[in-house]
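Visitor: I'm new to this structure, and I'd love a close look at one small part of it. Could you pick a spot, walk me around it, and then show me how it fits into the whole?

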Amino acid sequence: MKKLVFASNNAHKLSEIRAILGDRIEIISLSDLQCHDEIPETADTLEGNALIKARYVWEHYGLYCFADDTGLEVEALGGAPGVYSARFAGEHASFEDNVSLLLERLSGVAAPRRARFRTVIALIDEYGTHFFEGSVDGEITLERSGDHGFGYDPIFRPEGREETFAQLTEQEKNSMSHRGRAVQKLVRYLQALP
Ligand code: IMP
């Protein structure tokens, strides 16, 4: 069985990918590698940060690896917070702080306040470096709704739905989400490998 590191300790993302891949490919997490390093995400693009994380594992452990990075791109803010989504309201900002700041920055901007979530996965394997992208268009609502999910979910309404991501079940969100779409592309690539 092939082994691949997923440069993440997010238990939810790990179990989702393991479930999809079944026993074709063994997915190893950073904690399985006893890697507790803060990998610096210093690039100014999602592609760059995903690649930094994948490359870190390849260079330090000599193992093939993939990593993801996600951003929320808001049209009225010229694509911000984008690659800085996790730290929009400051280095150790909570989801709550980030959501409040985004609503504040958009106050006075008329609906629809168009936005999209974008995820990039970088994979380093025996064939080279590959990128897989997934995105979902939608809009930033005027106020929070729903209590599922995380991050900006309570104020992001995907196109074609009346609910925010935080009002959908996990399964519904995964079936249309930026990350779900990027993961599907990665999985299709991995499943087609000899
Ligand atoms: P990460 O690259 O997956 O860690 O995502 C960076 C930041 O984007 C997170 O800290 C969240 O604020 C936001 N984010 C990523 N994915 C989602 C999502 O599915 N829903 C809401 N916010 C998200």
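Guide: Happily! Let's start with P112, which sits in the loop running between α3 (95-105) and β5 (113-125). The model you are looking at is a predicted one. The bond that leads into this proline deserves a look: A111 and P112 are joined by a cis peptide bond, with omega at about 0 degrees. Another cis bond links A80 to P81, and its omega is near -5 degrees. P81 belongs to strand β4, which covers residues 81-82.

From here we can turn to a residue that has contacts around these places: E73. It is part of strand β3, which spans residues 65-74. Is E73 buried or exposed? Its relative accessible area is 16%, and because buried means under 20%, E73 counts as buried. Setting aside residues up to four places away in sequence, E73 touches L46, G79, A80, G82, R114, A115, R116 and R118. You have already met one of these, A80, as a partner in the cis bond to P81.

Which side chains make polar contacts with E73? The side chain of R116 is joined to that of E73 by a polar contact of 2.7 Å. R118 also takes part, with a side-chain polar contact to E73 of 3.0 Å. For a sense of distance along the chain, compare E73 with V83: they are ten residues apart in sequence, and their C-alpha atoms are 8.4 Å apart in space.

Now step out to E75, found in the loop between β3 and β4. With a relative accessible area of 57%, E75 is exposed, whereas E73 is buried at 16%. E75 and V120 are 45 residues apart in sequence, and 19 Å separates them in space, C-alpha to C-alpha.

Let's go back to α3, the helix on one side of the loop that holds P112. Which residues of α3 are buried? They are N98, V99, L101, L102 and L103. A rule about helices is handy to keep in mind here. An α-helix has 3.6 residues a turn, so residues three or four places apart point the same way. As for what the buried residues of α3 meet, they pack against β3, β5 and β6 (128-140). So if you follow β3, you come back to the strand that holds E73.

S100 is in α3 too, and this serine is partly exposed, with a relative accessible area of 32%. Its side chain makes a polar contact of 2.9 Å with the side chain of R144. Next to that, look at E143: S100 and E143 are 43 residues apart along the chain, while their C-alpha atoms are separated by 9.6 Å.

Two other loops are worth a short visit. S8 is in the loop between β1 (2-6) and α1 (11-21), and at 8% relative accessibility it counts as buried. The side chain of S8 reaches the backbone nitrogen of N10 at 3.0 Å. Apart from neighbours within four places in sequence, S8 is in contact with K13, L14, S29 and L30. Q34, in the loop between β2 (25-28) and α2 (46-61), is exposed at 60% relative accessibility. Its phi is near 60 degrees, a positive value in a residue other than glycine.

Finally, let's zoom out to the whole protein. It has five helices and seven strands, which run β-α-β-α-β-β-α-β-β-β-α-α from the N terminus on. The C-alpha atoms fill a box of roughly 55 × 30 × 25 Å along the principal axes. The radius of gyration is 17 Å, which agrees with the value near 16 Å for a compact globule of 194 residues. Of those 194 residues, 47% are buried. Among contacts with a separation of 6 or more, 54% are between residues 24 or more positions apart. The surface exposes about 10000 Å², with carbon and sulfur atoms supplying 48% of it. As for charge, there are 21 positive and 31 negative side chains, and the centres of the two sets lie 4 Å apart.

Technical notes
Residues numbered from 1 in each chain as written. Predicted model: local features only at pLDDT ≥ 70, side-chain atom pairs only at ≥ 80, totals over all residues. Heavy atoms only, no water. Helix = DSSP H or I, 4+ residues; strand = E, 2+ residues; numbered from the N terminus. Buried < 20%, exposed > 50% of the residue type's maximum accessible area, 1.4 Å probe, protein only. Contact = heavy atoms within 4.5 Å. Polar contact = N/O pair within 3.5 Å; in protein donor to acceptor, adjacent residues only side chain to side chain. Rg over C-alpha atoms; globule rule 2.2 N^0.38 Å. Areas by Shrake-Rupley, 256 points an atom, 1.4 Å probe, with all protein chains shown as cover. Lys, Arg positive; Asp, Glu negative; His and termini not counted. Charge placed at Lys NZ, Arg CZ, Asp CG, Glu CD.
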